[in-house]
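User: Could you take a close look at one part of this model for me, the place where the protein chains meet each other and the DNA? I'd like one connected walk-through.

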Protein chains: 2
Amino acid sequence: MATIYDIAEKVGVSVATVSRVINGVNHPIKGETRQRILEAAQELNYRPNTIAKSLAQGRTHTVALLIPSITNNFYTQISEIIESKLDEEGYNIYLCNTKRSIEKESRYVENLIARRVDGVIFSPTRVRPEDNEANLDNITELSRNNIAVVTFGSRFPNVSQIYINTYYGACEAVRYLLKLGHRQIGFIDGLTAGTRRRRRKGYLDTLKEAGIEGEELIISGDLEMEGGYRCALQLLQRNNPPTAVIAVNNLMAIGVIKAAKEIGIKIPEDLSVIGFDDSLLSQVIEPSLTVVKQPLVEIGNAAARLLIRQLHGETEAETVEFNTRLVIRESCRAR
Amino acid sequence: MATIYDIAEKVGVSVATVSRVINGVNHPIKGETRQRILEAAQELNYRPNTIAKSLAQGRTHTVALLIPSITNNFYTQISEIIESKLDEEGYNIYLCNTKRSIEKESRYVENLIARRVDGVIFSPTRVRPEDNEANLDNITELSRNNIAVVTFGSRFPNVSQIYINTYYGACEAVRYLLKLGHRQIGFIDGLTAGTRRRRRKGYLDTLKEAGIEGEELIISGDLEMEGGYRCALQLLQRNNPPTAVIAVNNLMAIGVIKAAKEIGIKIPEDLSVIGFDDSLLSQVIEPSLTVVKQPLVEIGNAAARLLIRQLHGETEAETVEFNTRLVIRESCRAR
DNA sequence: TAATATTAGGTAAACGGTTACCTTTTTTTA
DNA sequence: TAAAAAAAGGTAACCGTTTACCTAATATTA
């Protein structure tokens with residue numbers, strides 16, 4: 001493959017001149033020379049070697065996106081937005097799928113440091129509370145190696161991050177159900193700390209305000225449809241089953257609807273259901289699903305902005321906060 | 001950041017020795033020396049610089065996945081499989097989202113060459129027939145720069161590729177509907193050449209065998225739910241509306257169901273619907289959708305295998321062929 | 001015990017760019 | 001018209017590895 005040396009030789013100039021022309025740097029070059037260099041580059045089918053460039057400049061113009069799942073629309077939609085923003089700034093992205101595995105996450109971090117990415121946007125996995133430590137390790141490890149970091153989905157000190165006020169989202173969902181007259185409200189959470197834990201807290205706090213104990217109607221699923229399905233069966237076959245269920249994500253809420261249908265419980269007549277996140281699924285299922293929606297576009301844009309800010313040299317961490325919005329569809333009814 | 005020079009200096013050996021220890025190459029090293037080097041590496045928090053390594057070795061251990069959409073489950077599921085396969089082999093992947101834009105696709109190809117990826121798995125976008133040329137240009141451009149290429153979704157000469165026999169998939173769908181007694185079968189395709197065009201051909205051929213002209217019941221959508229919805233409205237409001245509709249992908253089929261519901265047409269009683277691909281959506285919608293399913297896992301595995309084969313030096317192109325499978329759910333009924 | 005192999009390590013070129021610092025020529029300015 | 005400035009280009013060190021080729025010491029073999 002042709003290099004700038006080949007071009008330099010062909011044209012009869014030094015590589016410095018070739019490099020300057022190719023990169024359009026601010027250094028005077030005679031028009032004719034420039035022309036000849038560009039023509040030679042064309043003829044030799046020259047392609048700049050980004051690897052060599054990165055080595056020389058110490059910047060790769062690459063950032064990584066570390067997300068728990070690439071088959072989950074919540075993350076891919078955010079990713080798509082982030083990608084187009086960073087593309088505009090001339091960055092390429094590694095999309096890394098951690099599959100909710102702490103171990104894979106750490107391996108990726110190690111790898112990204114070795115690859116000298118300029119920045120990372122990171123939605124840490126936190127299946128068990130103690131995972132928080134591994135998350136933190138990963139983040140400090142990145143920072144220690146001069147890699148810009150932006151997180152979303154969990155909260156960390158001294159890190160630029162997107163914070164979604166999911167606590168109030170959960171409160172809103174519960175209040176809505178209370179207003180509809182529900183008193184027995186089930187809650188399917190996800191065995192995870194961080195975001196979903198705050199949702200649970202919002203749920204409990206709001207119930208307590210209304211003088212209701214919710215603890216025993218909490219159950220943990222695996223964040224997939226199957227999990228929602230199984231949890232719903234357990235909840236609905238209790239002696240005193242809930243009249244409404246909140247699931248901590250979209251897929252599990254769909255699982256709840258499926259389970260209810262199977263055992264002949266009508267939604268929304270006999271059971272109200274609320275999910276988190278939003279997707280085509282929630283709109284398409286019957287009845288369509290009332291959800292606590294997170295502002296995907298805003299999250300994506302903000303994450304990209306925070307990262308770019310750091311890549312441009314800003315060192316102080318910034319937190320951007322968003323609120324959720326309750327999107328009312330057909331899956332809830334007054335009792 | 002620490003380099004092998006720092007380690008070499010600290011231990012009092014040459015960088016060659018350090019490099020050998022770090023990479024565990026087949027070269028004898030005294031146990032004690034090895035120990036001291038590893039300790040020094042640890043203490044200095046050494047991270048190998050993949051960039052420098054790539055430059056020296058001429059291989060990046062990176063492959064790119066070029067797909068039309070990262071929010072479409074069909075592609076992300078395949079991607080996930082490919083990713084885990086390649087991960088096992090020590091490759092990292094760039095997931096590139098072409099958004100069905102030929103222009104973006106070409107930009108990516110340019111960029112991937114500059115980044116010297118070792119290989120590319122590519123599902124080319126072909127919105128108009130003439131895009132075929134751009135697709136081919138991209139593929140030859142990659143090959144010309146010694147980058148291994150595997151394609152899926154379109155057919156090219158002399159390229160390792162996954163071929164899904166979608167023609168027979170369409171035939172099967174039509175035959176199924178014919179057997180159910182349908183004679184007026186609408187077809188919503190996607191303005192695209194390649195795969196979807198072969199589906200159309202399968203549709204037409206099979207109808208012709210049965211002595212039916214299908215041309216006028218063909219209509220083109222945008223591959224999104226909205227497109228399916230609009231096309232369905234057009235088809236269903238004809239004088240002589242179809243009693244069955246095949247949509248060339250999943251999302252448009254969902255759009256058809258939505259449209260039918262809105263104008264009071266019952267599925268499957270008044271209208272049978274078949275989609276292509278498969279996803280949770282098809283299972284969750286009511287009635288659940290009968291689809292022509294593509295073997296995602298097999299496609300992903302085969303794509304990875306074909307690429308690895310090339311990365312290991314095999315130069316001859318290999319084509320792997322898969323058949324679709326008709327998954328019968330509730331959206332069709334005999335007339 | 002001399003010849004040969006093996007072990008252990010070092011030297012330096014190469015990978016393909018960038019860029020600080022020079023030099024020479026031409027143009028501008030006072 | 002001499003001095004200063006701008007234009008045009010070159011030289012070579014540097015980025016952090018790998019690796020072919022060497023050397024020296026030690027172990028093995030006949």
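Analyst: Here is a walk through the contact between the two chains, and then the surfaces around each DNA strand.

A word on ground rules: this is a predicted model, with local features needing pLDDT of at least 70 and side-chain atom pairs counting only at pLDDT 80 or more, while totals for chains, interfaces and linings use all residues. Residues are numbered from 1 along each chain as its sequence is written, chains are lettered from A and ligands numbered from 1 in the order in which they are written, and side-chain values use heavy atoms, with hydrogens and water left out.

Let's start with chain against chain. Chain A puts 50 residues into the contact and chain B puts in 50 residues, where contact means heavy atoms within 4.5 Å. About 4,900 Å² is buried between them, with carbon and sulfur atoms giving 52% of that; buried area here is the accessible area (1.4 Å probe) that two parts lose on being put together, summed over both.

On the charged side, you get 10 salt bridges between chain B and chain A, each being a side-chain nitrogen of Lys or Arg within 4 Å of a carboxyl oxygen of Asp or Glu. One of them joins Arg107(A) to Asp87(B), at 3.0 Å from N to O. There are also 30 residue pairs in polar contact between the chains, both at pLDDT 80 or more. A polar contact is a pair of N or O atoms within 3.5 Å; within protein, one must be able to donate a hydrogen and the other to accept it, and residues adjacent in sequence count only if both atoms are side-chain atoms.

Which parts of chain B do the touching? Elements giving two or more residues include α5 (73-88), β2 (92-97) and α6 (102-114), and α5(B) has the largest share, 8 residues. Helices (H or I, at least four residues) and strands (E, at least two) are DSSP runs, numbered from the N terminus. Sorted by class, that side of chain B has 19 nonpolar, 17 polar and 14 charged residues; Ala, Val, Leu, Ile, Met, Phe, Trp, Tyr, Cys and Pro count as nonpolar, Asp, Glu, Lys and Arg as charged, and the others, Gly among them, as polar.

The copies meet through the same surface, because 100% of the interface residues of chain B are also interface residues in chain A. Rotating by 180° with 0.0 Å of shift along the axis puts chain B onto chain A, RMSD 0.0 Å, which is the relation of a two-fold axis. That fit is by least squares on the C-alpha atoms of residues with pLDDT of at least 70 in both.

Now the DNA. Around strand C sit 27 residues, and Ser19(A), Thr17(B), Arg20(B), His27(B) and Thr33(B) come nearest; near means a heavy atom within 4 Å. The side chain of Thr17(B) has an N or O atom 2.6 Å from a phosphate oxygen of strand C. Bases are reached through the backbone too: Ala52(A) has a backbone N or O atom 3.4 Å from a base nitrogen of strand C, and Ala56(B) has a polar backbone atom 3.3 Å from a base oxygen of strand C.

Strand D has 28 residues around it, including Thr17(A), Arg20(A) and Tyr5(B) among those that come nearest. Sugar and phosphate make up 61% of the strand D atoms within 4 Å of the protein. His27(A) has a side-chain N or O atom 2.6 Å from a base nitrogen of strand D, while Thr33(A) has one 2.6 Å from a phosphate oxygen of strand D.
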